[in-house]
Amino acid sequence: MKLIIQIPCYNEAETLEVTLNDLPKHIDGIDEIEYLIINDGSKDNTVEVAKRWGVHHVVNFKQNQGLAKGFIAGLDGCLRCGADIIVNTDADDQYKGEDIEKLVRPILDGEADVVIGARPIDQTEHFSYIKKKLQHLGSWTVRKASNTGIPDAPSGFRAYSREAAMRMNVVNDYTYTLETIVQAGREKIPMISVPIRTNGELRPSRLFKSIWGYVKKSMLTILRAYVMYKPLKAFSLLCVPFVTIGLAIGIRFLYYMAHGTSSGHVQSLILGCTLIIIGFLIFVLGILADTIAANRRILQDVQLHVKRIEYGESREEEGSYGK
């Protein structure tokens, strides 16, 4: 059983060695532990620090691609290197390396394929009051969108089984944390959360630069992921207000017509019909989006089989997921 711990890095020369020193060297049930960094176009000597420390694998981007693309490239690199379990952590030593055992244990015991570390957000001193509330709000929104009970959706401290890692896809350029939870929840990939601890802040967050910018990007990411995996429901909910208001206006016109006073309300009839037509068109778009989503699921299945062939999976392993 091989565990590979991946660390996305962008100009992390000052903090990377601290993070690497904190990582575990042995975990019961794991035969081999290796380390991989994703160098996301760093301008400092991040790669030199990693190689001098003894990191086994380096995934290199010549130009900064962002956290989401770096995460997926890291998963691909870990799978190619034969990882049975992949743990993702941050280069700023935010998470305690000792807790990696908590992440991998449910996968080793066959309880889950995705394990996400839940930080003690309310007890984290370097989180502002507003940031704490936004973290809770964002996690609540993701729980509703993904139909899961994950308490800390933005946490980047997480573990994936080999099978779950091959199923992961991220289409946004901002962050992988929210979209992958929605995907795993909607595709019923076994996923749980475990409590973890955090270290003191070594540097300010680079993802959380502006509160309102973070809120806007996060909500757009959640909305996009939800529409991708539940398009018919999303468009149906969107069409309901238009149809409801349009019908109410139409019933109001019929009431006036029954009393012979409808001549001054033709504009209301036109507005009601227009709203009903808009609602109907939105519902039709939902049907089309649902058809596209069905095709996407077929393509994802094809992609999964291609990955299994590419990464050298056996035929017996192909049918083992979810059993």
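Colleague: What is the mean pLDDT of the chain, and what share of its residues reach 70 or more?
Modeller: The chain has a mean pLDDT of 86, and 93% of its residues reach 70 or more. Please bear in mind that this is a predicted model.

Colleague: Which elements have the lowest and the highest mean pLDDT?
Modeller: The lowest mean pLDDT among the elements of the chain, 39, belongs to helix α11 (residues 315-318), and the highest, 96, to strand β4 (residues 85-88). Across residues 314-323 the pLDDT is below 50, and this stretch has 11 contacts in the model beyond near neighbours in sequence.

Colleague: Turning to the interior, how many residues are in the largest nonpolar core?
Modeller: That core has 39 residues. Those with the most contacts inside it are I86, V114, V142, Y160, I181 and M191.

Colleague: And which elements give two or more residues to this core?
Modeller: They are β2, α3 (67-80), β5 (114-118), α5 (129-146), α6 (162-167), α7 (177-186) and α8 (211-229). The largest share, six residues, comes from α3.

Colleague: What is M191 in contact with, leaving aside its neighbours within four places in sequence?
Modeller: M191 is in contact with A112, V114, I116, T148, I150, I181, A184 and G185.

Colleague: Which residues does the second core include?
Modeller: The second core is separate and has 30 residues, among them I7, I100, L103 and I107.

Colleague: Let us move to the strands. How many bridges join β2 to β3, and do they run parallel or antiparallel?
Modeller: Strands β2 (residues 32-40) and β3 (residues 57-61) run parallel and are joined by five bridges. Within this pairing, N39 of one strand stands opposite N60 in β3.

Colleague: Which helix makes a unit with them, and is that unit right-handed or left-handed?
Modeller: Helix α2 (residues 46-53) makes a β-α-β unit with β2 and β3, and the unit is right-handed.

Colleague: What about helix α10: how far apart are its end C-alpha atoms?
Modeller: They are 65 Å apart. Helix α10 (residues 266-310) has 45 residues, so at 1.5 Å a residue it should span 66 Å, and the two values agree.

Colleague: Which residue follows α10, and is its phi positive or negative?
Modeller: G312 follows α10, and its phi is positive, near 80°.

Colleague: Where is L288, and is it buried, partly exposed or exposed?
Modeller: L288 lies in helix α10. L288 counts as partly exposed because its relative accessibility is 49%, and the cut-off for exposed is over 50%.

Colleague: How far is L288 from L232 in sequence and in space?
Modeller: L288 and L232 are 56 residues apart in sequence, and their C-alpha atoms are 8.4 Å apart in space.

Terms used. Residues numbered from 1 in each chain as written. Predicted model: local features only at pLDDT ≥ 70, side-chain atom pairs only at ≥ 80, totals over all residues. Heavy atoms only, no water. Pairing = 2+ DSSP bridges. Helix = DSSP H or I, 4+ residues; strand = E, 2+ residues; numbered from the N terminus. Right-handed = clockwise from strand over helix to strand, strands pointing away. Expected span 1.5 Å × (residues − 1). pLDDT = per-residue confidence, 0-100. Contact = heavy atoms within 4.5 Å. Core = buried A, V, L, I, M, F, W, Y, C linked by side-chain atoms within 4.5 Å. Buried < 20%, exposed > 50% of the residue type's maximum accessible area, 1.4 Å probe, protein only.
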